[in-house]
Number of protein chains: 2
Amino acid sequence: MLSVSILTIGDEILIGQIINTNASWIAQKCLEVGATVVEHRVVGDSQNEIIDGVDDLLKKSDVVLITGGLGPTSDDLTKPTLAKYFQDTLIFNEEVLEWIKEFYKKRGINEVSERNRNLANLPSKCKPLKNEFGTAPGMLFEHNGKILVSMPGVPKEMKFIMETHILPLLKSKIVSEKKEAHIFVTLQTCGIPESVLADKLSGVESVLNGLNLAFLPSYKGVRLRIEAKGLPIDLAEHQIEQVKSFIYSKVGDYVYGEGEVTLAETVGKMLEERGETVAVAESCTGGLLGGEFTKISGSSKYFLGGIIAYSNEIKSVHLGVSTETLSKYGAVSQETAIEMAYNVRKKFNSTYGISITGIAGPTGGTPKKPVGTVWIGLSTPNETFAKLHQFGGDREINRERSVASALTMLFFLLKGLEL
Amino acid sequence: MLSVSILTIGDEILIGQIINTNASWIAQKCLEVGATVVEHRVVGDSQNEIIDGVDDLLKKSDVVLITGGLGPTSDDLTKPTLAKYFQDTLIFNEEVLEWIKEFYKKRGINEVSERNRNLANLPSKCKPLKNEFGTAPGMLFEHNGKILVSMPGVPKEMKFIMETHILPLLKSKIVSEKKEAHIFVTLQTCGIPESVLADKLSGVESVLNGLNLAFLPSYKGVRLRIEAKGLPIDLAEHQIEQVKSFIYSKVGDYVYGEGEVTLAETVGKMLEERGETVAVAESCTGGLLGGEFTKISGSSKYFLGGIIAYSNEIKSVHLGVSTETLSKYGAVSQETAIEMAYNVRKKFNSTYGISITGIAGPTGGTPKKPVGTVWIGLSTPNETFAKLHQFGGDREINRERSVASALTMLFFLLKGLEL
């Protein structure tokens with residue numbers, strides 16, 4: 001196997017001001033080409049810590065991918081630190097200067113400042129990697145049969161360098177050296193609790209053949225992750241197919257996708273295939289359900305829009321919820337959810353209308369309607385109904401679970417499953 | 001200084017399926033009580049990797065905080081691994097069994113399964129830490145003057161154990177042992193580029209006195225982070241105040257908050273103080289601006305709602321954008337943005353109306369209106385206008401930058417700054 005470790009450099013990540021999304025992106029992409037990820041590590045902007053991390057990770061893995069610490073400001077330490085570690089000196093690279101000039105020229109700037117010229121000073125032993133989205137190039141070192149790559153921390157720049165230079169290199173190494181593969185396949189389910197899923201899948205051991213099946217629950221649903229490690233790639237793929245067939249035969253209805261697909265994406269595709277449309281009426285989620293639908297490019301084919309009815313007045317004036325309903329049952333009620341869903345469908349002339357009204361918290365709860373009480377309504381050309389949820393989490397979780405539950409409800413309806 | 005390292009255990013994080021938000025939360029909280037974070041590390045569900053990580057981090061730091069690998073399923077390795085590492089044996093803890101029974105009882109379950117009873121089997125040397133939100137207790141080990149804590153990976157459970165048991169312990173250690181503090185203070189700015197900020201703050205060196213000032217740009221704005229390390233806590237706080245005064249005197253207008261405050265929060269507070277309200281009309285952001293406003297508990301005082309006008313028909317029928325405007329100038333135009341902002345303000349009877357219409361990408365761009373072209377409109381009781389942005393990023397970034405720019409526009413208006 002080709003083993004990869006990921007070293008993230010930067011006080012911002014270390015102190016928690018930025019979440020380390022780079023590491024998870026890199027890990028996913030490395031696995032996709034068949035490499036194994038063995039460790040992530042985050043260290044601060046300190047020469048000793050960087051050297052210590054590099055030294056340790058080069059012992060533990062075939063490839064060390066570093067992000068961060070490459071910009072023009074004085075915090076940026078990676079370059080001199082790597083030069084020191086590899087007992088190298090910085091030399092001025094004319095080709096890299098051309099890249100920097102070209103980068104600025106495209107942005108209408110013809111003068112390169114001294115500080116930015118300095119970015120072309122690179123360790124002599126590294127191969128510079130062109131960065132189309134920034135001025136600091138990546139650096140590739142080969143050292144005692146190991147590979148070390150240093151990339152900027154800006155996600156767009158890092159992703160460009162990974163996709164253009166590094167992932168093809170890793171893939172070719174795996175193929176040419178006939179390395180064993182490490183494959184993960186994930187099936188995404190929704191609307192079925194982990195324990196029920198586990199019951200329905202009892203007996204899966206008989207088809208696992210040494211593969212591993214993990215149940216990964218979250219508020220969006222349970223992910224089923226099949227892992228094959230240490231097998232030749234074709235055998236691994238064959239065995240994974242067998243496990244997948246078993247899962248589909250038992251709980252296929254609840255599987256909304258494989259890999260990184262989102263439920264909104266699947267629901268969107270189903271709507272598009274059926275030539276149907278949806279509109280939303282959101283209270284406590286304030287637009288997040290619309291935001292989730294429109295994350296998908298091309299969603300305008302089935303997502304028409306919606307009304308964010310955060311105040312009661314908007315619910316009645318713009319969404320037509322009767323003031324009687326609001327005063328008799330309250331804004332968070334089955335009746336209000338039903339009127340919201342029905343009315344947004346009628347107003348927007350969509351096939352389906354979805355509504356969300358609830359108490360996200362932390363304030364606003366009562367003994368009868370505690371924080372986390374959320375009604376989700378669904379209106380179709382045939383019927384309109386609403387379901388009660390008691391999430392009981394904190395504000396953000398209640399809002400995100402509301403969005404996930406609304407999408408699950410529409411998914412079940414489109415699949416013809418019992419709601 | 002009291003140094004902390006964070007060890008995250010779990011294949012899911014290692015392979016990038018889950019982003020490591022626990023580590024950043026833990027880091028922030030440790031800094032708040034005055035500890036220093038020296039490293040984050042992620043390893044897989046493997047006994048050797050866990051032992052290797054624990055051993056290494058116990059050498060590098062005073063405190064090792066571990067999350068993950070504590071549940072009842074067979075993936076969960078942390079407990080036996082720590083027992084092995086500390087040459088300890090598992091013994092059944094009756095008090096912990098009571099906690100587990102209590103947890104289930106609250107949820108109406110009176111029977112504890114064998115699998116869950118097993119959670120009360122703990123290394124004899126650890127102090128169990130009660131977990132009110134789950135069944136697996138935390139474990140505290142003291143070893144050669146170092147502290148090691150193992151917590152579940154579920155964020156809510158980890159946060160409860162940190163806040164109830166660990167943060168008070170760290171704080172008391174720092175105070176009783178008179179450790180030097182490591183303090184970070186962050187000022188958040190918006191609407192001013194890094195280079196302009198740097199120019200306006202030239203001369204800051206004269207007040208830094210050994211403190212560090214970092215410029216941290218993102219698409220939401222530039223954060224200014226002041227760092228004091230290795231000083232007694234009162235001196236550190238005094239020096240930080242001096243740097244803050246300097247920054248406020250030079251660029252105070254652009255500072256919208258300190259610490260973790262969001263721009264939506266600041267803008268919301270300003271609206272609330274003025275007794276003013278806002279409504280939104282969103283096209284390419286599909287509800288994300290409403291989602292950002294309503295992230296704040298209590299936002300119903302100033303955020304009324306909005307219209308998600310994703311299709312042109314909704315823009316004209318429900319938002320009253322004239323069909324002539326749409327056909328003559330297009331949906332992504334100054335004219336459409338102005339009509340959207342004005343009409344949503346009038347329709348919702350709010351003080352301000354904000355509109356966003358743009359080409360988020362990756363498709364839909366033209367030579368005249370490339371991907372990333374976004375018009376943001378703002379309507380006030382006195383005037384309505386729109387500003388053009390050319391973000392040129394990918395879909396998600398264009399949408400998030402649109403939200404940030406819309407909030408910045410309203411912030412500038414409320415502050416009386418030039419737009």
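**Reading strands, core and cysteines in a predicted model**

In chain B of this predicted model, strands β6(B) and β7, the latter covering residues 138–143, pair in the antiparallel sense over three bridges.

User: Which residue of β7(B) is the bridge partner of B:Leu129?

Analyst: Pairing can be followed residue by residue, and here B:Leu129 has B:Gly138 as its bridge partner in β7(B).

User: In what order do the strands of the open sheet follow one another?

Analyst: A sheet is read from one side to the other, strand by strand. Here 12 strands form an open sheet with mixed pairing, in the order β6(A)-β7(A)-β8(A)-β3(A)-β1(A)-β2(A)-β2(B)-β1(B)-β3(B)-β8(B)-β7(B)-β6(B). The edge strands are β6 (127–129) of chain A and β6 (127–129) of chain B, each of which pairs on one side only. On average, neighbouring strands of this sheet are turned by 20 degrees against each other, if direction is ignored.

User: Which strands does helix α3 of chain A lie across?

Analyst: A helix can be placed by naming the strands it lies across and the angle at which it runs. Helix α3 (residues 47–60) of chain A lies across β1 (3–9), β2 (36–43), β3 (63–67), β7 (138–143) and β8 (146–151) of chain A, together with β2 (36–43) of chain B, and it runs at about 170 degrees to β2(A).

User: Which residues touch the most other members of the largest nonpolar core?

Analyst: A core can be read by looking for its best-connected members. In the largest nonpolar core, which has 99 residues, these are A:Phe293, A:Leu410, B:Phe293 and B:Leu410. Leaving aside residues up to four places away in sequence, B:Leu410 touches B:Val267, B:Leu271, B:Val278, B:Phe293, B:Tyr352, B:Ile354 and B:Leu378.

User: Is A:Ile192 buried or exposed?

Analyst: Burial is judged from relative accessibility, and A:Ile192 counts as buried because its value of 7% is under the 20% cut-off. A:Ile192 lies in the loop between β9 (181–189) and α8 (194–200) of chain A, and, not counting residues up to four places away in sequence, it touches A:Leu197, A:Lys200, A:Val222 and A:Tyr254.

User: Why is B:Cys190 not bonded to the cysteine with the closest sulfur?

Analyst: The distance between the two sulfur atoms decides this. The closest cysteine sulfur, in B:Cys284, is 19 Å from that of B:Cys190 and therefore too far for a bond, since a disulfide needs sulfur atoms within 2.5 Å. B:Cys190 is also buried, with a relative accessible area of 1%. Over all chains the count comes to zero disulfides. B:Cys30 is likewise in no disulfide, and the nearest cysteine sulfur, that of B:Cys126, is 20 Å away; B:Cys30 is buried, at a relative accessible area of 0%.

How values were computed. Residues are numbered from 1 along each chain as its sequence is written. Chains are lettered from A and ligands numbered from 1 in the order in which they are written. This is a predicted model: local features need pLDDT of at least 70, side-chain atom pairs count only at pLDDT 80 or more; totals for chains, interfaces and linings use all residues. Side-chain values use heavy atoms; hydrogens and water are left out. A nonpolar core is a set of buried Ala, Val, Leu, Ile, Met, Phe, Trp, Tyr and Cys residues joined through side-chain atoms within 4.5 Å. Buried means under 20% relative accessible area, exposed over 50%, partly exposed in between (1.4 Å probe, protein chains only). Contact means heavy atoms within 4.5 Å. Two strands pair if DSSP finds at least two bridges between them. Helices (H or I, at least four residues) and strands (E, at least two) are DSSP runs, numbered from the N terminus. Axes are lines fitted to C-alpha atoms, for helices over the stretch in contact, and angles run from 0 to 180 degrees between N-to-C directions.
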